[in-house]
Structure formats: C-alpha cells, structure tokens
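Trainee: Could we go through this model together, starting with its charged pairs and then turning to the packing of its helices?

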Amino acid sequence: MKHIWEHLRVILIECQHGFVPGKSCTAQLIDVLDKIGRLLDRGEQIDVIYLDMSKAFDRVNHKILIEKLRHLGLTNLVRWFKSYLYRRRQQVTVLGATSPTLPVTSGVPQGSILGSVLFLLYVLNDLPDKFSSSKIAAFAVDTKIIKRISSIPDNIHLQEDLNSLVQWSSSTDLTFNPIKCKVQTISRKRKPIKTSYTMDDSDLEHCSHEKDLEVWISSDLTWKKQVQTQSAKANKILGYAKRTTQRIGSVRTRRTIYLTVVRAHLAYSSQVWAPQTVELIKEIERIQRRAN
C-alpha cells in the first residue's frame with residue numbers, strides 16, 4: 001500500500017484532503033478560510049456552494065472505475081483491483097433471519113484502505129477540470145466550490161461551473177441532493193450581491209450559518225455560533241461525566257476522562273475557530289473552570 005500511495009501522491013489533486021496522509025479536516029479548513037479571510041480583508045464578497053453527494057461510496061461504477069485506473073497509469077494493477085471489486089456478494093441478517101445473497105454490482109468497501117483510495121480516484125480526482133473560474137475544496141464527499149463575487153457576471157460563471165459539475169456527476173452515476181446542497185454568501189458589505197443558484201431546476205437554499213467538516217461557518221466569518229455550539233455540547237457531556245465518575249478517586253483517571261470526552265469538543269479544529277473576543281473566551285474558560 002505504501003508504494004501505491006507514492007504513485008498516487010503525484011496523481012491526486014491538491015484540493016483533496018480526505019484520506020490523504022499528512023492532510024486533515026483542520027488543514028482543509030485553514031487553507032480555505034485563510035483565502036476567504038484575505039478576500040474579506042480587502043472588502044470582497046465570496047459565495048460558497050456546499051455540495052452533498054447521495055450515497056457516493058455505494059454508487060461507484062466498477063466499469064468506469066477500472067477505465068479510470070487504466071487512464072491513470074495503473075494498468076499493471078487492474079487485474080488485482082478487479083479481483084478486489086468483482087464477484088462480491090452480500091446478505092442481511094435481522095433477528096436471526098438471513099436474506100438470500102445478492103451480487104454487489106457497484107460501490108467500494110467502506111472502512112477499508114483500498115476503498116478510500118479508489119473512491120478518491122473515481123469521484124474527485126478530475127473535478128477541477130469542470131470549473132472555468134471557481135475554486136474547489138474537498139474532503140472525501142464533502143465538497144465545496146468557492147468564488148469571489150464582484151458583479152453579476154461572477155454569479156453567472158459560478159452557476160455555469162455548478163452546471164458543469166452536475167453534468168459530470170451524471171456521467172459517473174453519481175447524484176447530488178439539491179435539498180442538502182447550500183449556498184452561503186460570506187461578506188461584510190451592507191448590501192452584498194444576492195442571487196439564486198439552481199441545481200436540476202431546484203433553487204439551492206441560502207444559509208447564514210453552515211456546518212462544514214463539523215465547524216460552523218458564519219456568513220460574516222465570526223465564531224459566535226461555533227463557540228456556543230461546542231460549549232453547550234462540552235458542558236452537557238461534562239455534567240454527565242461528573243455524575244458518573246463520582247466514585248472514581250484517582251485524579252489521573254478523572255483527568256483522562258475529561259480530556260477524552262469533554263475537552264476534545266473544545267479542541268477540535270480550534271486552530272480554525274479559536275475565539276478572539278473576551279466574551280467568547282470567557283465562555284470557553286467557564287467550562288474548563290467548572291471541570292476543576
């Protein structure tokens with residue numbers, strides 16, 4: 001597997017952070033939000049379209065995948081990949097009753113190392129070719145397209161890129177769910193340019209807050225909602241942890257429990273959303289003092 005990754009490092013697109021050694025959710029968020037922040041500091045507006053793929057892992061077409069592998073120069077490994085994907089069968093057991101076995105004609109095994117690699121090559125590696133002017137950021141199935149908006153023609157170009165992406169998804173047997181796809185306008189202007197974006201004749205929902213890789217992104221790029229959400233979650237878990245560990249006398253054990261189940265919520269991607277106002281800092285510190 002190490003040798004395969006060495007080959008794939010050259011092939012995989014830079015914007016892809018999912019399942020890639022040395023990359024993470026936090027790295028992707030930092031990269032994207034740094035670029036957005038720089039544009040905001042210049043008084044610009046940025047439109048972000050968050051995309052949702054429906055059952056993407058299960059829709060991978062084996063025939064198309066094998067052809068992509070050949071095109072990427074993995075010809076010597078095609079027979080090996082075929083034996084990994086083909087002739088799979090599945091059945092379901094519920095309450096002691098087992099269904100007949102059925103062939104698995106699409107999809108890649110989730111949770112496996114090869115499954116994630118094959119998914120990246122199939123789904124996301126040629127996405128940048130579908131855009132004429134927008135930027136793309138991806139973490140496995142969590143994909144977003146980003147564009148600076150200065151005038152109405154910029155909105156039109158972003159819609160054209162979205163249309164190209166929808167056409168691409170149809171050709172690969174993948175589909176986007178318009179109901180779960182969202183649009184966010186990030187700006188500090190009093191009157192930002194607002195327009196509707198459509199997918200399959202459905203208007204995408206505009207949102208002022210959107211959870212991106214488990215971090216709440218606000219349209220003004222402040223972190224109040226993220227801090228409040230994480231604080232409430234950590235506070236609730238802290239109360240439960242205190243009630244259930246009263247008989248544990250070991251300070252070291254109690255500290256380990258706190259770090260594992262409580263502080264983890266406050267630390268997740270904190271490099272991205274660390275609070276900078278006194279009010280939000282105090283909200284985080286209040287939970288940590290309560291743990292003592």
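Mentor: Let us begin with one charged pair: Asp41 forms a salt bridge with Arg188, their closest N and O atoms being 4.0 Å apart, where a salt bridge is a side-chain nitrogen of Lys or Arg within 4 Å of a carboxyl oxygen of Asp or Glu. This is a predicted model, in which local features need pLDDT of at least 70 and side-chain atom pairs count only at pLDDT 80 or more, whereas totals for chains, interfaces and linings use all residues. Residues are numbered from 1 along each chain as its sequence is written, and side-chain values use heavy atoms, with hydrogens and water left out.

Trainee: How many residues apart are Asp41 and Arg188?

Mentor: Helices (H or I, at least four residues) and strands (E, at least two) are DSSP runs numbered from the N terminus. Asp41 belongs to helix H2 (residues 25-41), whereas Arg188 sits in the loop between strand E8 (182-186) and strand E9 (198-199). The pair thus links distant parts of the chain, and the separation is 147 residues.

Trainee: Is Asp41 buried or exposed?

Mentor: Buried means under 20% relative accessible area, exposed over 50% and partly exposed in between, with a 1.4 Å probe and protein chains only. Its partner Arg188 counts as exposed because its relative accessibility is 52%. Asp41 has a relative accessibility of 65%, so this residue counts as exposed.

Trainee: Which residue forms a salt bridge with Arg289, and where do the two lie?

Mentor: Both residues lie in helix H11 (residues 278-290), and because they are four residues apart there, about one helical turn separates them. Arg289 counts as exposed at 52% relative accessibility, while its partner counts as partly exposed at 38%. The side chains meet at 3.9 Å, N to O, and the partner is Glu285.

Trainee: How many salt bridges does a search of the whole structure find?

Mentor: A further pair is that of Glu214 with Lys211, whose closest N and O atoms are 3.8 Å apart. Glu214 counts as partly exposed at 45% relative accessibility, and Lys211 counts as partly exposed at 37%. Searching the whole structure gives a total of nine.

Trainee: At what angle do helix H4 and helix H5 pack?

Mentor: Axes are lines fitted to C-alpha atoms, for helices over the stretch in contact, and angles run from 0 to 180 degrees between N-to-C directions. For helix H4 (residues 78-85) and helix H5 (residues 113-123), the axes are 12 Å apart and the angle is about 115°.

Trainee: How do the residues of the contact of H4 with H5 divide?

Mentor: Contact means heavy atoms within 4.5 Å, and this one is made by Trp80, Phe81, Tyr84 and Leu85 of H4 with Leu114, Gly115 and Leu118 of H5. Ala, Val, Leu, Ile, Met, Phe, Trp, Tyr, Cys and Pro count as nonpolar, Asp, Glu, Lys and Arg as charged, and the others, Gly among them, as polar. The division is six nonpolar, one polar and no charged.

Trainee: Which residues is Ser269 in contact with, leaving aside its neighbours within four places in sequence?

Mentor: Ser269 is found in the loop between helix H9 (263-267) and helix H10 (270-273). Its relative accessible area is 3%, so Ser269 is buried. Once its neighbours within four places in sequence are set aside, Ser269 is in contact with Thr26, Leu29 and Val215.
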